Amino acid sequence: MAPPLILLRPVAVALAVLAGALALGACSPIKLVDRLTPTDTYTVQNGIAYGDAPRQRLDLYQPLARTAPPPGKRPLVVFFYGGTWTTGERAQYRFVGEALAAHGAVVAVADYRLSGEVQYPAFVRDSALAVKWGLDHAAAVGADPAQVYVMGHSSGAYNAAMVALDGRWLGELGASPRQLAGWIGLAGPYDFLPIGDPDVKRAFDWPRTLPESQPIQHVTAAAPRTLLMAATRDNLVEPQRNTAQMARRLEAAGVPVEVHTFDNLSHITLMGAVARRIQWIGGPVMPPLLSFLGLPPSDSSHRAPH
């Protein structure tokens with residue numbers, strides 16, 4: 001069904017702007033979204049160390065005092081960005097922290113070591129260490145320790161999946177995926193052997209990559225409840241092999257799983273649609289995300305600007 005005529009022009013303009021920015025370089029669309037992100041809807045602590053390495057740092061976004069739910073009842077979301085395990089920095093994802101904090105979540109946007117410096121499983125261990133920081137500090141930052149979630153997009157969704165599904169990584173730290181209230185994957189690669197992409201080959205030391213590096217191998221009935229999202233025409237991470245297959249495995253194991261696919265978004269704009277100022281470009285992505293986190297919906301979460 002065609003969108004209402006009143007939406008055609010702003011949607012087309014937004015997508016044209018994003019496409020033009022993309023042509024300038026991989027980081028440009030994220031920088032564009034960052035410039036549109038409000039600065040008066042949250043407080044932030046930058047550069048909190050969750051480990052000893054320089055890239056083991058996170059930025060913590062907290063709701064304003066007036067935001068529901070009240071302190072102590074808020075979910076804590078630990079978020080990992082994508083970038084084929086080769087690029088990315090937490091400052092580029094302020095829009096994720098803002099979008100969720102504005103609705104009442106405490107959000108930790110974490111860096112992790114990238115390939116070139118490390119290979120699998122070092123970035124998974126970093127992710128587990130960041131989640132362990134969240135489990136240990138939830139109460140101190142005004143969140144509910146029983147409501148800690150791990151979330152990621154693209155290769156960051158892989159990191160989130162491995163922490164949530166493969167108990168080795170939190171287990172090394174004296175914790176367990178059973179402590180998580182859930183995990184959220186946006187356009188994640190969960191089953192990608194054999195490897196063709198040169199960046200992914202380097203990150204996973206192909207062809208010496210072990211099958212156990214694949215999140216799909218670690219689905220059990222003990223997995224936390226799950227929210228999966230994907231763009232149906234994603235040309236970077238194939239959604240049927242990854243998101244749909246992961247959902248089937250989880251359902252077969254008896255794990256509560258919720259799946260949302262979007263015909264009007266791409267691999268990149270699926271993430272961009274989290275940003276509150278441009279959520280109207282497609283989806284809508286935020287309503288199911290907020291529902292999964294137990295947060296109140298926003299009347300403006302999928303409204304086009306005037």
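This section describes the fold of a predicted model, from the whole chain to single residues.

The chain holds ten helices and eight strands. Of its 306 residues, 57% are buried. The accessible surface comes to about 13000 Å². Carbon and sulfur atoms account for 55% of that area. Among contacts with a separation of 6 or more, 73% join residues 24 or more positions apart.

The strands form an open sheet of eight, with mixed pairing. Their order is S1-S2-S4-S3-S5-S6-S7-S8. Strand S1 (42–49) and strand S8 (257–262) are the edge strands, and each pairs on one side only. Neighbouring strands of the sheet are turned by 15° against each other on average, direction ignored.

Within this sheet, strand S3 (residues 74–80) pairs with strand S5 (residues 143–153) in the parallel sense, over six bridges. Phenylalanine 80 has glycine 152, in S5, as its bridge partner. Two helices that pack on the sheet touch these strands. Helix H3 (residues 94–101) touches S1, strand S2 (57–63), S3, strand S4 (106–110) and S5. The direction of H3 makes about 30° with that of S2. Helix H5 (residues 155–165) also packs on the sheet, where it touches S3, S5 and strand S6 (182–186). The direction of H5 makes about 135° with that of S5.

Strand S4 has a partner on either side in the strand order, S2 and S3. Pairing between S2 and S4 is antiparallel and runs over four bridges. Leucine 60 stands opposite alanine 108 of S4 in this arrangement. Pairing between S3 and S4 is parallel, again over four bridges. Here phenylalanine 79 stands opposite valine 109 of S4. The chain passes from S3 through H3 to S4, and this β-α-β crossover is right-handed.

The burial of S4 can be read residue by residue. Val106, Ala108 and Ala110 point one way from the strand. Val107 and Val109 point the other way. All of these residues are buried. Because five of the five residues of S4 are buried, the strand is largely enclosed by the rest of the structure.

Serine 155 lies in helix H5. Its relative accessible area is 2%, so serine 155 counts as buried, given that the cut-off is under 20%. A polar atom of the serine 155 side chain lies 3.1 Å from the backbone nitrogen of glycine 83. Leaving aside neighbours within four places in sequence, serine 155 is in contact with Tyr81, Gly82, Gly83, Thr84, Trp85, Tyr112 and Pro189. Glycine 83 thus appears both in the contact list of serine 155 and in the 3.1 Å pair.

Helix H8 (residues 240–252) also carries buried residues. These are Asn242, Thr243, Ala244, Gln245, Met246, Ala247 and Leu250. The cover over the buried residues of H8 includes H5, S6, strand S7 (226–231) and S8. H5 therefore has a place in two settings: H5 packs on the sheet, and H5 is part of the cover of H8. The edge strand S8 is likewise part of that cover. After H8 comes glycine 254, whose phi is positive, near 85°.

Definitions and conventions: Residues are numbered from 1 along each chain as its sequence is written. This is a predicted model: local features need pLDDT of at least 70, side-chain atom pairs count only at pLDDT 80 or more; totals for chains, interfaces and linings use all residues. Side-chain values use heavy atoms; hydrogens and water are left out. Buried means under 20% relative accessible area, exposed over 50%, partly exposed in between (1.4 Å probe, protein chains only). Contact means heavy atoms within 4.5 Å. Accessible areas come from the Shrake-Rupley method with a 1.4 Å probe; for residues, only the protein chains shown count as cover. Two strands pair if DSSP finds at least two bridges between them. Axes are lines fitted to C-alpha atoms, for helices over the stretch in contact, and angles run from 0 to 180 degrees between N-to-C directions. A polar contact is a pair of N or O atoms within 3.5 Å; within protein, one must be able to donate a hydrogen and the other to accept it, and residues adjacent in sequence count only if both atoms are side-chain atoms. A crossover is right-handed if, with the strands pointing away from the viewer, the path from the first strand over the helix to the second runs clockwise.
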